[in-house]
Amino acid sequence: MSRASCRGGAAAGSPPGARDGGEDGCALRPGNLRKGTSQMSFEELLELQSQVGTKTYKQLVTGTSTKKQNSQAPVQKACVADKRRPMEMSAKVRVPFLRQVVPISKKVARDPRFDDLSGEYNPEVFDKTYQFLNDIRAREKELVKKQLKKRRSGEEHERLQQLLQRMEQQEMAQQERKRQQELRLALKQERRAQAQRGHRPYFLKKSEQRQLVLAEKFKELKRSKKLESFLSRKRRRNAGKDRRHLPLSKEQ
């Protein structure tokens, strides 16, 4: 509605109060407000704000809209976040004493004795492959014996004596393993021969295999004339075990 229509409506037989109201309505329009607010007093501005409301008053006076116009394009990130950057910790939570700042690849130890990648352990193949170690051990044993003859007493003599004893024990254990391997090989060949003759092969139990090993050991001791000393040590050991199970005698 224009200003002339406002005047026409006020002159069409309306009472004076209605005219004042029409003039006030024309004055409350956005265009009139923006033009006349500079000439209004502070009291008139407060009265206008109470009539139209604070939010509408600010929009009419400043000429702004409720819709936000985003003229700027969205800002892209300057750089991509680095995967190896230190971990950000909140200031509200206490930082632990030990924390992983940079991820580290864990090193996994691999034991070839229990790893499938190393294959299966075959004692016969192992002994054939490392057979050259027997010559090295024999030369080391002779060297230790020569040094032991030069040093008759002292800590060096005891150390060499213990070293020589350990080497002899290792040699005896190796010979025992070799005898057991020969026995197993003989049993395997015997079963193979039975299968070729058409007989059903017989597989020995572990207890029977132990008895055969013990019989071979007795034959070897008898051949080397060490059977009596071995049996005496065995009796003393068994007597000590039996003494542990005897009840203690009460002193009267």
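The exchange below asks how the labels given to this predicted model are earned.

Reader: What makes this an all-helix pattern, α-α-α-α-α-α-α-α-α-α?

Author: The secondary structure comes to ten helices and zero strands. A helix here needs at least four residues and a strand at least two. No run counted as a strand, so the pattern holds helices alone.

Reader: How do you know which residues of the chain count as buried?

Author: Buried means under 20% relative accessible area. Of the 252 residues in the protein chain, 10% are buried.

Reader: What share of contacts joins residues at least 24 apart?

Author: The share is 33%, among contacts between residues at least 6 apart in sequence. A contact needs heavy atoms within 4.5 Å.

Reader: Why are α4 and α5 said to be in contact?

Author: The cut-off is heavy atoms within 4.5 Å. On α4 (residues 42-52), L45, L48, Q49 and V52 make the contact. On α5 (residues 54-62), T54, T56 and Y57 make it. The helix axes come within 6 Å and cross at roughly 120 degrees. The crossing is right-handed.

Reader: What makes residues of that contact nonpolar or polar?

Author: The class follows from residue type. Leu, Val and Tyr count as nonpolar, so L45, L48, V52 and Y57 go there. Q49, T54 and T56 fall among the polar residues. The contact therefore has four nonpolar, three polar and no charged residues.

Reader: Why is the space of about 850 Å³ called a pocket and not a cavity?

Author: In a cavity, a 1.4 Å probe fits but cannot get out; a pocket is an open set. This space, the largest pocket, is therefore open.

Reader: How do you know which residues line the largest pocket?

Author: A lining residue has an atom within 4 Å of a pocket point. There are 23 of them, and D127, N134, R137, Q174 and K178 are the closest to the centre. α6 (123-129), α7 (132-150) and α8 (155-196) each give two or more residues. α8 gives the most, with ten.

Reader: What makes nine residues of that lining charged?

Author: Asp, Glu, Lys and Arg count as charged, so D127, R137 and K178 are among the nine. The others are eight nonpolar and six polar.

Reader: What lines the second largest pocket?

Author: This pocket holds about 550 Å³ of space. Of its 18 lining residues, M172, R179, K217, L221 and K226 are the closest to its centre. α8, α9 (206-223) and α10 (227-245) each supply at least two. The largest share, seven residues, comes from α8. By class, the lining has four nonpolar, three polar and eleven charged residues.

Definitions and conventions
Residues are numbered from 1 along each chain as its sequence is written. This is a predicted model: local features need pLDDT of at least 70, side-chain atom pairs count only at pLDDT 80 or more; totals for chains, interfaces and linings use all residues. Side-chain values use heavy atoms; hydrogens and water are left out. On a 1 Å grid over the protein atoms alone, a cavity is a set of points where a 1.4 Å probe fits but cannot get out, and a pocket is an open set with protein on both sides within 12 Å along at least five of seven lines; lining residues have an atom within 4 Å of a point. Grid points are joined across faces, edges and corners, and a volume is the space filled by probe spheres set on the points. Axes are lines fitted to C-alpha atoms, for helices over the stretch in contact, and angles run from 0 to 180 degrees between N-to-C directions. A crossing is left-handed if the near helix is turned anticlockwise from the far one by less than a right angle, and right-handed if clockwise. Buried means under 20% relative accessible area, exposed over 50%, partly exposed in between (1.4 Å probe, protein chains only).
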